[in-house]
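Please take me through this structure as a tour in the viewer, telling me what to select at each stop and what I will find there.

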Amino acid sequence: PDPGTLASVLTEGVKNTIGDSRVKVTYEPEYVPAVPPAMPDIPPEQLAGMIKATVKVEVLDSNIAYLKIQHIIGEEMAQKVGPLLLEYIWDKVLPTSAMILDFRSAVSGELSGIPYIVSYYTDSEPLIHIDSVYDRPSDITTELWSMPTLLGKRYGTSKPLMILTSKNTLGVAEDVAYCLKNLKRATIVGENTAGGTVKIDKIKVGDTDFYVSVPVAKSINPITGKSWEIDGVAP
C-alpha cells in the first residue's frame with residue numbers, strides 16, 4: 001500500500017541481484033525531467049563569481065598549494081571564464097612546489113572537463129590517451145586525450161600532486177582521480193570513492209510514478225582496461 005516502501009524493497013532486490021548500488025527504484029509523483037541548462041548569457045565576471053563559490057584556493061606552509069573543488073567545469077565554461085580563473089586561481093598556485101587537490105566534496109562535473117584538468121599535470125607532448133567513454137544510448141565511444149595547448153602554463157610532471165578523496169567523491173571527479181593515479185602522476189589520499197558513473201538516466205516505469213535510475217555510459221581506462229565505477233578509486 002505504500003509506494004515509497006515498495007520502491008525501497010525493489011531497490012534492495014535489484015542491488016542484491018545485480019550487485020550494482022547505482023541502480024535505484026524511486027517513487028516520485030512530482031518528478032520533472034531536468035533539462036540541461038544552456039550556457040548562461042551573463043557576464044564572464046559573474047560566471048567567475050559562481051565558480052569561485054565552488055573552489056577554495058590557498059597556499060599552505062612549505063609552499064604547498066591547496067585547491068578544493070566541488071564541481072568540475074566543462075570545456076565551454078572554461079573557455080568563457082578562463083582568463084579570470086587564471087588570475088584568481090592558477091596564477092596563485094603555479095609557483096608552488098607541491099599541490100593538494102581536494103575532491104572530498106566533488107559530486108558533479110562535465111565530461112569535457114576531464115582532459116582539461118589532467119593536461120595541466122602532464123606534458124604537452126606526447127599526447128596521452130586518458131580515457132574512453134562508451135555511451136550506450138548512442139552506441140558511441142568517445143576517446144579523451146590530453147590537450148597540446150592550454151590556457152596558462154602547466155603545473156608540470158615533476159612537482160608532487162596529492163588528491164584527497166572521500167566516500168562522497170562522485171562521477172567525473174572519480175574519473176580524474178583514477179586517470180592521474182594510473183598515469184602515476186598523483187597520490188590518492190583518503191577514503192575509497194563512491195563508485196558512481198559518468199552518466200545516469202532516470203527511466204519512467206510504464207504509466208506510473210515509479211522511476212529506475214540506470215547508468216547508461218561506461219568509463220574504460222586505457223592503462224588498466226578497467227573502470228573505477230561500482231568499486232570506486234582506492235587511496
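Begin with the second largest pocket of this predicted model, which has a volume of about 180 Å³. To see its walls, select Arg 22, Tyr 134, Arg 136, Thr 197, Pro 215, Val 216, Ala 217, Lys 218, Ser 227, Glu 229 and Ile 230, the residues that line this pocket. Coloured by class, the lining shows five nonpolar, two polar and four charged residues.

Keep two of these lining residues, Arg 22 and Glu 229, on display, since the next stop concerns their side chains. The side chains of Glu 229 and Arg 22 meet in a salt bridge, with 3.7 Å from N to O. This pair links distant parts of the chain, as Glu 229 lies in the segment after β13 while Arg 22 sits in the loop between α1 (3–18) and β1 (24–27), 207 residues apart. Both Glu 229 and Arg 22 are buried. Add Asp 20 to the selection, and you will have a network of salt bridges that links Asp 20, Arg 22 and Glu 229.

The count for the model comes to six salt bridges, and two others are worth a visit. Select Asp 102 and Arg 104, whose side chains meet at 2.7 Å, N to O; here Asp 102 is buried, with a relative accessible area of 0%, whereas Arg 104 is partly exposed at 39%. Then select Glu 58 and Lys 56, whose salt bridge has an N to O distance of 3.5 Å; Glu 58 is partly exposed at 31% relative accessible area, and Lys 56 is partly exposed at 45%.

Turn next to the sheet, in which three strands follow the order β8-β7-β13 with antiparallel pairing. The edge strands, β8 (140–145) and β13 (217–220), each pair on one side only, and neighbouring strands of this sheet are turned by 20° against each other on average, direction ignored. Between β7 (residues 129–135) and β8 there are six bridges, and if you select Ser 132 you can look across to Glu 143, its bridge partner in β8.

Finish inside the protein, where the count gives one cavity of 30 Å³ or more. This largest cavity holds about 470 Å³ of space, and of the 21 residues that line it, Ile 73, Leu 85, Ile 89, Ile 117 and Tyr 120 are the closest to its centre. The elements that give two or more residues to the lining are β3 (64–69), β4 (71–72), α3 (75–93) and α4 (113–119), with α3 supplying the largest share, six residues. By class, this lining has 17 nonpolar, four polar and no charged residues.

Key: Residues are numbered from 1 along each chain as its sequence is written. This is a predicted model: local features need pLDDT of at least 70, side-chain atom pairs count only at pLDDT 80 or more; totals for chains, interfaces and linings use all residues. Side-chain values use heavy atoms; hydrogens and water are left out. Two strands pair if DSSP finds at least two bridges between them. Helices (H or I, at least four residues) and strands (E, at least two) are DSSP runs, numbered from the N terminus. Axes are lines fitted to C-alpha atoms, for helices over the stretch in contact, and angles run from 0 to 180 degrees between N-to-C directions. On a 1 Å grid over the protein atoms alone, a cavity is a set of points where a 1.4 Å probe fits but cannot get out, and a pocket is an open set with protein on both sides within 12 Å along at least five of seven lines; lining residues have an atom within 4 Å of a point. Grid points are joined across faces, edges and corners, and a volume is the space filled by probe spheres set on the points. Ala, Val, Leu, Ile, Met, Phe, Trp, Tyr, Cys and Pro count as nonpolar, Asp, Glu, Lys and Arg as charged, and the others, Gly among them, as polar. A salt bridge is a side-chain nitrogen of Lys or Arg within 4 Å of a carboxyl oxygen of Asp or Glu. Buried means under 20% relative accessible area, exposed over 50%, partly exposed in between (1.4 Å probe, protein chains only).
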